[in-house]
Amino acid sequence: MRFPLDNPIFQFFFWLVDTPGLGGLFVGLIVVVFVSVAGSALRWIVRGGQADESETYAYPTPALHEH
């Protein structure tokens with residue numbers, strides 16, 4: 001089964017990926033973007049775990065509503 005290339009945007013993406021040099025650069029760019037997003041998310045999680053927390057809260061927690 002072949003992909004329908006009736007739409008010009010599909011023709012462009014097929015040309016982009018089907019061309020060896022441009023397709024490799026395009027796929028490499030996608031990989032770099034995904035790896036950098038995943039690395040940034042992990043860095044954000046680690047930095048959040050190392051954040052200093054204050055001892056007092058601006059509002060009572062749900063466990064302290066009865067006290």
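Helix α1 is the main contributor to a nonpolar patch on the surface, supplying five of its residues. The model described here is predicted. Its chain contains two helices and zero strands, and buried residues account for 3% of the 67 residues.

**The nonpolar surface patch**

- The patch is formed by Ile9, Phe10, Phe12, Phe13, Trp15, Leu22 and Leu25.
- Together, these residues present about 680 Å² of accessible area.
- Two helices, α1 (8-18) and α2 (20-49), each provide at least two residues of the patch.
- The greatest share comes from α1, with five residues.

**Phe10 within the patch**

- Phe10 is located in helix α1 and is one of the residues that form the nonpolar patch.
- The relative accessible area of Phe10 is 35%; this residue is therefore classed as partly exposed, a category that lies between under 20% for buried and over 50% for exposed.

**Aromatic contacts**

- Three aromatic pairs are present in the structure.
- Phe12, Phe13, Trp15 and Phe26 are joined into a cluster by ring pairs.
- Among the members of the nonpolar patch are Phe12, Phe13 and Trp15, which also belong to the aromatic cluster.

**The chain as a whole**

- The chain exposes about 6500 Å² of area.
- Carbon and sulfur atoms supply 68% of that exposed area.
- Of the 67 residues in the chain, 3% are buried.

Methods:
Residues are numbered from 1 along each chain as its sequence is written. This is a predicted model: local features need pLDDT of at least 70, side-chain atom pairs count only at pLDDT 80 or more; totals for chains, interfaces and linings use all residues. Side-chain values use heavy atoms; hydrogens and water are left out. Patches are made of residues with over 30% relative accessible area and no salt bridge: like charges are joined within 9 Å, nonpolar side chains (Val, Leu, Ile, Met, Phe, Trp, Tyr) within 5 Å. Accessible areas come from the Shrake-Rupley method with a 1.4 Å probe; for residues, only the protein chains shown count as cover. A salt bridge is a side-chain nitrogen of Lys or Arg within 4 Å of a carboxyl oxygen of Asp or Glu. Helices (H or I, at least four residues) and strands (E, at least two) are DSSP runs, numbered from the N terminus. Buried means under 20% relative accessible area, exposed over 50%, partly exposed in between (1.4 Å probe, protein chains only). Rings of Phe, Tyr and Trp (its six-membered ring) pair if their centres lie within 6.5 Å; planes under 30 degrees apart count as stacked, over 60 as edge-to-face and the rest as tilted.
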